[in-house]
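Trainee: Could you take me on a close look at one part of this structure? I would love a connected tour of the cavity and the residues around it.

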Amino acid sequence: YFSASGEIIFSLATIDHTNSSYPDGNSEGNVMRFSPFFCLQTHFNYDFTKNVGSFIGLSIRNIGYIYDQYIIPGDTTGKVWKKKFRTYNLGLPVGFKVGVLDKVFLYGGYEIEFPFTYKEKTFDGDEKQDEKIHLWFTSRVEQFQHGFFAGIQLPFGANLKFKYYLSNFHNMDYIDGNGIKPYEGLKANVFYFALSFDPFRN
């Protein structure tokens, strides 16, 4: 049987930033990002018994993170910027369910995702700058992203999920029009908590 729902996502990232501006590395500046729109997931479910089942699916997900300790690689002034990064990804999840499948159960699985649109915003403190970047199918991010997820389906339809991306968000070798690698040494693994309702019920 098929099922579908949206997701309300609260995302963060594990940050490891080492380059000419951060020769000793930086792991600070992580800010929670709230993305209630637009995240949609559909599943094809197959329940072997009333207690064990599996699913495959298709998703469109708004995923990203906020970094408020960004320094342009090679900038000797030490100017700190806040950056908001996000992509829309097409995802292909596969997983298993264990529990009382019409009431409460646990689930987990693996998902591959393909980013198809990218946006980057820059802030000086809380003041938004004009240099917004919005691109389709850009090489600024890794073209193949993947990770593991786990969650619990609660009574009355509420569902809580955690997901961790094994892939780096950025393409650290990307070179912009000024000959700068803006994501040099910026390793960011996004993870999130999500709330949804009835994602596994017909």
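Mentor: Let's start with H43 and its contacts in this predicted model. Leaving out residues up to four places away in sequence, H43 touches Y1, F2 and S3, then F55, I56 and G57, and also P93, P199 and F200. One of these partners is also involved in a polar pairing: a polar atom of the H43 side chain lies 3.0 Å from the backbone oxygen of P199. H43 itself sits in strand 5. Is H43 buried or exposed? With a relative accessibility of 3%, H43 counts as buried, because the cut-off for buried is under 20%.

Now to the empty space. Rolling a probe the size of a water molecule over the atoms shows where such space is left. In this structure the search finds one cavity of 30 Å³ or more, and the volume of the largest cavity is about 80 Å³. Its lining has 14 residues, and those closest to the centre are Q41, H43, Y107, F149 and K161. So which strands build the wall, each with at least two lining residues? They are strand 5 (40-47), strand 6 (52-70), strand 8 (105-124) and strand 12 (158-165). By character, the lining divides into six nonpolar, four polar and four charged residues.

Y107 is another good residue to zoom in on. Y107 belongs to strand 8 and is buried, since its relative accessible area is 6% and the limit is under 20%. The side chain of Y107 makes a polar contact of 2.6 Å with the side chain of N159. Setting aside neighbours within four places in sequence, the contacts of Y107 include F149, A150, G151, I152 and Q153. N159, L160 and K161 are also among its contacts, as are F55, F96, K97 and F200. Two names here link back to H43: F55 and F200 are in contact with Y107, and H43 touches F55 and F200 as well. For a sense of scale, the C-alpha atoms of Y107 and G177 are 45 Å apart in space, with their positions 70 residues apart in sequence.

While you have the model open, turn to the backbone in a few loops. Most residues other than glycine have a negative phi, and most peptide bonds are trans. Against that background, the peptide bond from F37 to F38 is cis, with omega near 0°. F38 is in the loop that runs between strand 4 (33-35) and strand 5. F137 has a positive phi, near 50°, and lies in the loop between strand 10 (133-136) and strand 11. F137 counts as exposed because its relative accessibility is 61%, and exposed means over 50%. Phi of F156 is positive too, near 65°; F156 is found in the loop between strand 11 and strand 12. At 83% relative accessibility, F156 also counts as exposed.

Finally, a word on confidence. The chain has an average pLDDT of 95, and 100% of its residues score at least 70. Among the elements of the chain, strand 11 (residues 145-153) has the highest mean pLDDT, at 98, while strand 9 (residues 127-128) has the lowest, at 92.

Conventions: Residues numbered from 1 in each chain as written. Heavy atoms only, no water. 1 Å grid on protein atoms, 1.4 Å probe; cavity = no way out; pocket = protein on both sides within 12 Å on 5 of 7 lines; lining within 4 Å. Points joined across faces, edges and corners; volume = space filled by probe spheres on them. Helix = DSSP H or I, 4+ residues; strand = E, 2+ residues; numbered from the N terminus. Nonpolar A, V, L, I, M, F, W, Y, C, P; charged D, E, K, R; others polar. Buried < 20%, exposed > 50% of the residue type's maximum accessible area, 1.4 Å probe, protein only. Polar contact = N/O pair within 3.5 Å; in protein donor to acceptor, adjacent residues only side chain to side chain. Contact = heavy atoms within 4.5 Å. pLDDT = per-residue confidence, 0-100.
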